[in-house]
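Please report on this protein–DNA model. Cover its sheet, helix packing and contact surfaces.

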Number of protein chains: 2
Amino acid sequence: MPDLLDFGGAPLMEFASGRLRRGIRAAATAVRYQDGAVLHAHGDDKPGLSIVRSGAVRFGLVDADGTYIATSLLGAGHCFGEATLFAGRARTHDAVAVGETIIEQIDKARFDRLLDQEPDLARALLKATTRRLYSALDFMDDLRRLPLPVRTAKLVALMANSAEQDGSVACNQADLAFTLGVSRVSVGKALGDLQKEGILKLGYGKIDIPSRARLHEWIADRSA
Amino acid sequence: MPDLLDFGGAPLMEFASGRLRRGIRAAATAVRYQDGAVLHAHGDDKPGLSIVRSGAVRFGLVDADGTYIATSLLGAGHCFGEATLFAGRARTHDAVAVGETIIEQIDKARFDRLLDQEPDLARALLKATTRRLYSALDFMDDLRRLPLPVRTAKLVALMANSAEQDGSVACNQADLAFTLGVSRVSVGKALGDLQKEGILKLGYGKIDIPSRARLHEWIADRSA
DNA sequence: ATAAGAATGCTAAGAATTTAGCATTTTGAG
DNA sequence: CTCAAAATGCTAAATTCTTAGCATTCTTAT
């Protein structure tokens, strides 16, 4: 399943020195979740910082009609829960484990202590949060400015970065639609357009990219 | 002109102690801009933190066809430019002064020094950035989940909070459309719907809110 | 090899939005 | 008071997107 906000990636742990990592490990309690297990629901009030050690966590919201809206997917090294600490908010999304997942949990009291002891923690958090904020702003701009085919191309290009196989992205159209927040029909049409343009080749559960350079060029031409 | 991301407000300076405020003042250079003056353009590369002392700054992007997309409007106490410091990015938006505006400018070298001297600076920045991030995520959810009349009602309700006149918001439909990123026709229709529901009354350059409570209730019923 | 399940492709009707243009109403400056 | 500018209201055609349903193609487990 493709991710949304975990754009260029910017996991907290990547900004942490060895010393800070050890500090975090020491303060945290590791919790293991099975695939599909619920970490917390929208509205829960348990302040603390969580860091994904392995696996991944999907965030989203179920609204009144039961429709689920995906917000993001965070993989290893990423943190979440800052809003419960710095914005005094209850959990804003539902969080579900994707695959077997281990989370390092730091409750508010321990976190506050750690923040005092390790000045680098605040810096690392700042970097991670700032990058995510600006990714979100970019995404919002795209959402309002770019037609669906371009947004679709961007998502495919993004996924190609973290793809295992070079020149090919393993993903079905339903998941793409889900991530983009549009219907499968629309994504199908958008992908069809892109295929007609010759920058993608559609397969069964995968999308081939004949030329990464040409894809990026095509996108750049259209996102100003 | 209504603002977008400056939601519940969460200006940096509000999270700063007296001591930190003095430190920031000492490190900063104040620059004065006339209404409409350009502070920086998308793509400029001048890392540093800026804080709005008075007036306001509008952020947006002009895309290829010349269409302008508004992102946010930041008033006194708010900061911007974090991305140039923590994400190593060039300016992501065009910034224009709204009204006579004074900006406190701190270049990268001074900022780094200040960050070392004042541990509270990182905390205050974290609070401000986290709140903005989650406001942005909320807004994105709304954008994908809620029909236009509800989004419109939310914006009007938001503006009512910072309105001078109680029970009335001074704003024309074109600006509302601009802020919501939709056409004037669509906003006109949405507002018409809301008027038919009896929760708003449309005027010339203003919108009256018969009952703030009823407006909030109407919104709550529809945002799940 | 085959059947079941997964994924894609396609269609059609309807809803939502956009653009473009023009008529009408309201405001405020002179 | 009058008139120009600003703002709203309205219309119509074109576009995009959605839902719903079904046919077809591909994959994989048995």
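Chain A holds an open sheet of three strands, ordered S7-S9-S8, with antiparallel pairing. Strands pair if DSSP finds at least two bridges between them. Helices (H or I, at least four residues) and strands (E, at least two) are DSSP runs, numbered from the N terminus. The edges of the sheet are S7 (168-170) and S8 (201-202) of chain A, each pairing on one side only. S8(A) joins S9 (residues 206-208) of chain A through two bridges in the antiparallel sense. In S9(A), A:Asp208 is the bridge partner of A:Lys201.

This is a predicted model: local features need pLDDT of at least 70, side-chain atom pairs count only at pLDDT 80 or more, and totals for chains, interfaces and linings use all residues. Residues are numbered from 1 along each chain as its sequence is written, while chains are lettered from A and ligands numbered from 1 in the order in which they are written.

**Helix packing**

In chain A, the axes of H5 (residues 148-161) and H8 (residues 212-222) come within 10 Å and cross at roughly 145 degrees. Axes are lines fitted to C-alpha atoms, for helices over the stretch in contact, and angles run from 0 to 180 degrees between N-to-C directions. The crossing of H5(A) and H8(A) is left-handed, meaning that the near helix is turned anticlockwise from the far one by less than a right angle. From H5(A), the contact includes A:Val150, A:Ala153 and A:Ala157; from H8(A), it includes A:Leu215, A:Trp218 and A:Ile219. Contact requires C-beta atoms, placed from the backbone, to lie within 7 Å.

**Contact surfaces**

Chains A and B meet through 32 residues of A and 33 residues of B. On the chain A side, S4 (68-75), H2 (82-86) and H4 (119-145) each give two or more residues. H4(A) has the largest share, 19 residues.

Around DNA strand C lie 16 residues; A:Asn172, A:Gln173, B:Val182, B:Ser183 and B:Ser186 come nearest. Near means a C-beta atom, placed from the backbone, within 6 Å. H7(A) gives the largest share of this surface, three residues.

The table sorts residues by class: Ala, Val, Leu, Ile, Met, Phe, Trp, Tyr, Cys and Pro are nonpolar, Asp, Glu, Lys and Arg charged, and the others, Gly among them, polar.

| Surface | Nonpolar | Polar | Charged |
|---|---|---|---|
| Side of chain A that touches chain B | 17 residues | five residues | 10 residues |
| Contact of H5(A) with H8(A) | seven residues | one residue | three residues |
| Surface near DNA strand C | nine residues | seven residues | no residues |

Definitions and conventions: Contact = placed C-beta atoms within 7 Å.
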